[in-house]
Amino acid sequence: MLFKLSMKNIQKSMKDYAVYFFTLILGVAVFYVFNALETQTVLLKVQESAYEIIDIMTDVLSGVSVFVSFVLGFLIIYASRFLIKRRNKEFALYLIMGMGKRKISMILFVETMLIGIISLIVGIGVGVCLSQVMSVLVAYLFEADMSEFTFVFSQNACLKALLCFGIMYIVVMIFHTISISKCKLIDLLTAGRKTEQVRMKNPVVCTIVFLAAAACLGYAYYMVCAEASSVNANTLFFLIGIGCVSTFFLFWSVSGLMLRIVMSAKKMYFRGLNSFTLRQISSKVNTTVFSMTVICIMLFLTICILSNALAIKNSVTANLNELAPVDLQLAKPINPKGDSREKYNKKQLETAGDNILQVYQKAGMDILPYLKEYVQFYSYRTKGLTLKDFLGSEYEAVKAKYPFMIYGSKEKIVRLSDYNKVAALYGKDTFTLEQGEYILLADYESIVEIRNQVLKKKETIHLWGHDLKPKYTECQNGFIDLSANYSNAGIFVVPDEIVDQSCITEDNLVANYAADSKDEKLAVEKKITAIETKEKEFMLPDAVTRILIVESSTGLGAMVTFIGLYLGIIFLISSAAILALKELSESTDNVNRYQMLRKLGADEKMISKALFRQIGIFFLIPLLLACVHSVFGLQFSNFLLESMGIGQLLPSVLAAAGVLVLIYGGYFVITYLCSKNIIRER
């Protein structure tokens with residue numbers, strides 16, 4: 001009997017509960033997809049190092065899933081409040097007919113169990129299909145071979161989904177039981193007539209609070225944009241706190257001012273059903289200030305997380321061809337001095353003057369046959385040229401602004417002829433120098449700005465008894481070390497004849513392998529990087545290869561992308577679902593009001609238009625403020641990303657906007673259609 005009644009209730013209310021079902025199914029599907037990555041990627045043919053990255057990525061995603069579980073759990077409990085409120089009269093009727101509260105709780109228990117089973121089955125089904133698409137994305141990111149890939153079902157991800165959502169549904173059942181036990185018949189019968197009163201707040205107080213909140217936000221915006229370079233971790237958390245509190249008080253003050261401002265424009269206020277619509281909106285904003293604040297912040301986080309995650313991935317991929325133009329770089333210290341000698345043993349220090357080729361020869365290996373083309377060169381450092389020496393008259397001002405920089409560090413120097421050979425191999429521009437000139441190469445954005453301030457003054461540096469002035473008034477684009485991002489903080493290119501050979505600090509060799517295919521290059525790379533010595537008889541060179549840079553960068557990009565998508569989508573679903581459920585709950589309460597409008601002569605077109613505007617504005621209010629927050633938040637993110645040599649933010653913002661429109665807009669459409677169905681005249 002109770003089972004049949006529960007089934008009929010679910011079938012009858014399927015249209016009204018569309019948002020609830022949609023949220024549950026989407027939550028289960030997303031949860032399954034990101035937890036099934038490990039199973040999906042096992043069948044992909046990738047390099048051994050890529051498997052390590054994928055293992056780390058899946059471990060991180062598993063940890064993130066714990067946080068996601070709590071977010072979805074709170075969302076489902078919040079959604080269940082709508083189900084209870086929607087059916088107050090139904091429960092009152094059961095009580096009048098003599099049904100006990102225990103049986104009503106049992107009906108809700110069966111319904112929740114059935115809804116849980118349906119959402120889990122459908123959600124996992126959708127997740128299984130989407131996970132195959134995710135496998136294609138992983139294969140693309142890691143350049144994997146999918147020739148042996150087959151359709152796969154992840155038992156581990158399925159069990160995780162069943163466990164997490166099963167616990168959530170049990171909590172919901174307990175919540176339902178407690179809610180029903182506290183219900184009174186009179187409250188259930190009159191629930192539809194009770195309204196949350198709109199208390200007209202003091203407009204003077206609201207105005208003062210609004211201006212104060214706006215001023216605080218303005219200060220936070222100014223700090224993260226104009227003073228971004230001086231913002232540290234503690235300051236950032238303080239500014240985030242200011243932003244959250246200011247957002248709350250903005251909504252609080254606007255809820256008190258909105259209706260008064262609109263009512264003063266009588267022509268607009270009394271046009272059509274505007275007075276009804278605006279009072280409804282004012283009532284909702286007035287009673288959901290905290291919810292609006294949370295939703296606004298979650299939307300802000302969604303925009304920033306998605307944009308930055310995609311920017312990092314795109315930028316890392318785009319930089320590889322430019323910043324890792326050759327297959328191999330070997331670097332070995334020559335005659336280390338000072339504290340750097342402590343990490344080497346006596347035998348190593350005895351042969352510290354050997355260059356890279358001599359080290360390989362002593363190890364019994366000639367690497368030249370494995371190299372198609374190469375350039376070998378020395379780099380130099382001297383006590384006569386530190387960062388402090390270069391800054392000159394700007395030292396005090398720069399130190400006051402950037403106190404944590406190491407100003408006693410020796411600058412890196414290379415000969416003009418050596419750099420031009422490297423530049424030719426890298427496909428970069430070569431340079432010429434006149435007597436008494438030098439060129440400064442740098443591409444690390446934040447350091448470039450500091451160095452350009454000095455270069456514009458054309459101050460002289462003193463190097464090995466020579467006075468040199470900059471040929472250019474700004475840093476030139478160039479580098480020596482292979483990297484995945486713009487990390488060159490400064491290399492001085494000087495005329496060959498002034499260099500003191502006693503100041504050699506490092507031997508470098510950059511080369512391309514004598515191989516064409518990726519497999520051949522991997523084989524050569526394993527031979528060159530597998531050099532070993534017994535008891536560390538001499539200093540081994542450090543190896544950086546394009547293959548390793550590509551794999552590590554791809555792994556970082558993939559990890560950031562997946563975590564960003566995971567959190568961004570969950571935050572977006574939660575924000576939109578809370579708004580949708582709140583609106584559906586309001587529509588349930590306002591059925592009588594819409595019937596009264598019909599009796600007063602309003603036709604269905606006017607009512608539908610008023611409902612559309614009401615829901616649209618309700619969805620738009622937190623989104624607009626979140627977008628304003630995001631404009632300044634993304635500027636600060638852009639500053640941080642550029643300082644790390646990462647760009648490509650605009651395309652990522654557009655992609656994030658597309659995801660937001662798709663999910664947030666989808667919830668808006670579903671909410672409007674469901675609300676329209678609720679208020680439709682029976």
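How many helices and strands are there in the protein chain? The count is 24 helices and nine strands, and keep in mind that this is a predicted model. Of the 682 residues in the chain, 51% are buried. Here's a quick tour, from the overall picture down to single side chains.

**The chain as a whole**

- Take the contacts between residues at least 6 apart in sequence: 84% of them join residues at least 24 apart.
- The accessible surface adds up to about 32700 Å², and carbon and sulfur atoms own 62% of that.

**Patches on the surface**

- Positive charge gathers in a surface patch made of Lys267, Arg271, Lys605, Lys609 and Arg613.
- Helix α23, running over residues 604-643, is the top contributor to the positive patch, with three residues.
- Arg271 sits in the loop between α11 (266-269) and α12 (274-287). Its relative accessibility is 54%, so Arg271 counts as exposed, the cut-off being over 50%.
- There's a nonpolar patch on the surface too, built from Met106, Phe109, Met113, Ile117, Ile118, Ile121, Val122, Val126 and Leu130. Together these residues offer about 720 Å² of accessible area.
- Leu130 belongs to helix α6, which covers residues 101-141. With 43% relative accessibility, Leu130 counts as partly exposed.
- A handy bit of background here: an α-helix has 3.6 residues a turn, so residues three or four places apart point the same way.

**A covered helix and two buried residues**

- Helix α19 (residues 445-455) is mostly covered, with eight of its 11 residues buried.
- The buried residues of α19 are a mixed bunch: Ser446, Ile447, Val448, Ile450, Arg451, Asn452, Val454 and Leu455.
- Look for Leu581 in helix α21 (residues 546-589). Leu581 counts as buried because its relative accessibility is 3%.
- Leu581 and Arg81 are 500 residues apart in sequence, yet their C-alpha atoms are 9.0 Å apart in space.
- Met539 is in the loop between α20 (518-529) and β9 (542-545), and it counts as buried at 1% relative accessibility.
- What does Met539 touch, leaving aside residues up to four places away in sequence? The list is Lys332, Pro333, Pro336, Tyr344, Gln348, Leu349, Ala352 and Val359.
- One of those partners, Pro333, is 206 residues from Met539 in sequence and 8.0 Å from it in space, C-alpha to C-alpha.

**Salt bridges**

- Side chains of opposite charge can pair when their charged atoms come close. In this chain the count comes to eight salt bridges.
- Lys521 pairs with Asp327, with 3.5 Å between the closest N and O atoms. This pair links distant parts of the chain, 194 residues apart: Lys521 is in helix α20, while Asp327 is in the loop between α13 (289-323) and β1.
- Are the two ends of that bridge buried or exposed? Lys521 is partly exposed, with a relative accessible area of 22%, whereas Asp327 counts as buried at 7% relative accessibility.
- Lys457 and Glu394 meet in a salt bridge at 2.4 Å, N to O. Again the pair links distant parts of the chain, 63 residues apart, with Lys457 in the loop between α19 and β5 and Glu394 in the loop between α16 (387-391) and α17 (395-401).
- Lys457 is partly exposed, at 44% relative accessible area, and Glu394 counts as buried, at 13% relative accessibility.
- Asp354 and Lys362 also join up through their side chains, at 2.5 Å from N to O. Asp354 is buried, because its relative accessible area is 14% and the cut-off is under 20%. Lys362 has 47% relative accessibility and counts as partly exposed.
- Lys412, Asp481 and Glu506 are tied together in a network of salt bridges.

**Backbone oddities**

- Asn335 has a positive phi, near 45 degrees, and it's a residue other than glycine. You'll find Asn335 in the loop between β1 (328-333) and α14 (346-350), partly exposed with a relative accessible area of 39%.
- Trp464 isn't a glycine either, but its phi is positive, at about 55 degrees. Trp464 lies in the loop between β5 (461-463) and β6 (466-470).

Definitions and conventions: Residues numbered from 1 in each chain as written. Predicted model: local features only at pLDDT ≥ 70, side-chain atom pairs only at ≥ 80, totals over all residues. Heavy atoms only, no water. Patch = residues over 30% accessible without salt bridge, like charges linked within 9 Å, V, L, I, M, F, W, Y side chains within 5 Å. Areas by Shrake-Rupley, 256 points an atom, 1.4 Å probe, with all protein chains shown as cover. Salt bridge = Lys/Arg side-chain N within 4 Å of Asp/Glu carboxyl O. Lys, Arg positive; Asp, Glu negative; His and termini not counted. Charge placed at Lys NZ, Arg CZ, Asp CG, Glu CD. Helix = DSSP H or I, 4+ residues; strand = E, 2+ residues; numbered from the N terminus. Buried < 20%, exposed > 50% of the residue type's maximum accessible area, 1.4 Å probe, protein only. Contact = heavy atoms within 4.5 Å.
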